[in-house]
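Work through the exercises below with the sequence and the coordinates side by side. Try each task before reading its solution.

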Amino acid sequence: MKLVDEAVRLQYQNAGYITVVSISSTTLIKELQNQPIRVVLVEGDLTENYRHLGFNKSASIKAVSESLKLQQDGSEELWTDHVLQVLIKFNVNLVLAQGNVSERLIEKCTDNKRLVIGSMNGNVMQAFAEASGAVQVAYITQVNENCVGNGVCVTIWRSIPFDTVDRINRMAIMLKTEGINLVTVVLTSPVTAQMQTKEDTFWTCAYRLYHALKEQKVFLGGGAVEFLCLSHLQILAEQSVNKGNQGCSGWLHNTSSWLASSVTQYRPTVLKCLANGWRRYLSTLLYNTASYSSEFEAGTFIQHHLQNATDSGSPSSYVLNEYSKLNSGILNSDISDKLEQIPRVYDVVTPKIEAWRRALDLVLLVLQTDSEIITGLGHTQINSQESEGFLFL
């Protein structure tokens, strides 16, 4: 796992919340920036006809009609004035709403030097509530002194008009307060169609980082652990050939004497096949990352490092020494002359071990199937003429 994924270019990362507002709020934001302001958090819509449906989220509840009485023409204006009076009473200059906000209210509050932002994420609202001391309310009429938060700062995120104003006249601002547990990452791309892919890749990387921090342990990435497994399997295979029957006790115990006697013969073959699986995996990995032009060339490179690890006498020390270099790891040691520095990579432990376990279960299942087929031959009579030309292992 790449903790800094090149596919997801994190152009900007700030402690706080970055959002977009109308360009008409530029003057207001310039007046509010660099000073702590008071904030109110509304957990629903901030509109005149909004009614909270309750806390039992029943799918059968629908809002059919607001009132049997016809709305008067000046009702929205009266409601807007009432909301503004509440904000003035408690000296509130910032309102964050999780739902939609009345356009008329936004305009009137802007004229009175009060910023209103809607469509806020629930997690963002909770972060501001914890950091500022604000209490979320369902209606603006529920606001009292105990519900108002303090110490929020509003600043223009980037300078105008170079990069903050887009085609629909919006600008980017940053909201932050001391002690807020919130970081905003901005992903940008000149191609709109790439944004969903970038966002998916970013969240994949973020979740892997989260699980790595939760487990508090990682594997060396870049193929280092797989290479160590390959070297270990190769050593076991060579030892099995050299030692013969030594060290074979415990393999396929409680089986027929014929099968137990054949363990010595076939154990090196099984270990070599497992090692070849790791070798093919690493070769394919190098080939897919465009490090080498063919899998054969990648396999030659792996064999070269494998021989060096064997000659060193300690493959684990060899892997650590190669990985501690300035480049990414053992499988990138020959491409350190690139213009950009290759970031070191790490792998989350649990998913990788689970993948290995499933692969090993498949191998053991195949071996168990072969064992049952072989040991089952003694219970059936096979015609020598029919079996002629067949070799049973």
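**Exercise 1. The aromatic cluster**

Task: Find which residues form one aromatic cluster, and characterise the pair of Trp278 and Tyr281.

Solution.
- Step 1. This is a predicted model. A search of the whole structure returns 6 aromatic pairs.
- Step 2. Tryptophan 278 and tyrosine 281 make up one of these pairs, with 6.4 Å from centre to centre and 85° between the planes. Planes over 60 degrees apart count as edge-to-face, and this pair is edge-to-face.
- Step 3. Place the pair in the sequence. Both residues sit in helix H8 (residues 263-288); they are 3 residues apart, so about one helical turn separates them.
- Step 4. Check accessibility. Tryptophan 278 is buried, at a relative accessible area of 18%. Tyrosine 281 has 41% and is partly exposed.
- Step 5. Widen the view. Phe219 and Trp356 join Trp278 and Tyr281 in one aromatic cluster.

**Exercise 2. Strand S3 and its neighbours**

Task: Are the residues of strand S3 (residues 37-42) buried or exposed? Which strands does S3 pair with, and in which direction do they run?

Solution.
- Step 1. Count burial. In S3, 6 of the 6 residues are buried, so the rest of the structure largely encloses this strand.
- Step 2. Split the strand by face. Ile37, Val39 and Leu41 lie on one side, and Arg38, Val40 and Val42 on the other; both faces are covered.
- Step 3. Take the antiparallel neighbour. Strand S6 (residues 149-156) is joined to S3 by 2 bridges. Glycine 149 in S6 is the bridge partner of valine 39.
- Step 4. Take the parallel neighbour. Strand S4 (residues 94-97) is joined to S3 by 4 bridges. Valine 40 has valine 95 as its bridge partner, and valine 42 has alanine 97.
- Step 5. Inspect the faces of S4. Leu94 and Leu96 are buried on one side, Val95 and Ala97 on the other.

**Exercise 3. From S4 to S5, and the whole sheet**

Task: Trace the chain from S4 to S5, then give the strand order of the sheet.

Solution.
- Step 1. S4 and strand S5 (residues 115-117) run parallel and share 3 bridges. Valine 116 in S5 stands opposite valine 95.
- Step 2. The path from S4 to S5 goes through helix H3 (residues 103-111), and the β-α-β crossover is right-handed.
- Step 3. Assemble the sheet. It is open, has 6 strands, and follows the order S2-S7-S6-S3-S4-S5 with mixed pairing. Strand S2 (17-22) and S5 are the edge strands, each pairing on one side only.
- Step 4. Add the twist. Neighbouring strands are turned against each other by 35° on average, direction ignored.
- Step 5. Add a helix. H4 (residues 122-132) lies across S2, S3, S4, S6 and strand S7 (170-177), and runs at about 135° to S3.

**Exercise 4. The crossover helix**

Task: Which residues of H3 are buried, and what covers them?

Solution.
- Step 1. Leu105, Lys108, Cys109 and Thr110 are buried in H3.
- Step 2. The cover over the buried residues of H3 includes helix H1 (26-32), helix H2 (75-89) and S5.
- Step 3. Follow the chain onward. Lysine 113, just after H3, takes a positive phi of about 60°.

**Exercise 5. A glycine in a loop**

Task: Where is glycine 222, and how many residues separate it from leucine 286 in sequence?

Solution.
- Step 1. Glycine 222 is in the loop between strand S9 (218-220) and helix H6 (224-243).
- Step 2. Its relative accessibility is 23%, so glycine 222 counts as partly exposed.
- Step 3. Leucine 286 is 64 residues away in sequence, while the C-alpha to C-alpha distance is 9.5 Å.

**Exercise 6. Confidence**

Task: What is the mean pLDDT of the protein, and where should detail not be read?

Solution.
- Step 1. The mean pLDDT is 77, and 73% of the residues reach 70 or more.
- Step 2. Residues 65-72 stay under 50, with 3 contacts beyond four places in sequence. Residues 333-340 are also below 50, and this stretch has 9 contacts beyond near neighbours in sequence.
- Step 3. Apply the rule: where pLDDT is low, predicted coordinates should not be read in detail.

Key:
Residues numbered from 1 in each chain as written. Predicted model: local features only at pLDDT ≥ 70, side-chain atom pairs only at ≥ 80, totals over all residues. Heavy atoms only, no water. Phe/Tyr/Trp six-rings, centres within 6.5 Å; stacked < 30°, edge-to-face > 60°. Buried < 20%, exposed > 50% of the residue type's maximum accessible area, 1.4 Å probe, protein only. Pairing = 2+ DSSP bridges. Right-handed = clockwise from strand over helix to strand, strands pointing away. Axes fitted to C-alpha atoms, helices over the stretch in contact; angles between N-to-C directions. Contact = heavy atoms within 4.5 Å. pLDDT = per-residue confidence, 0-100.
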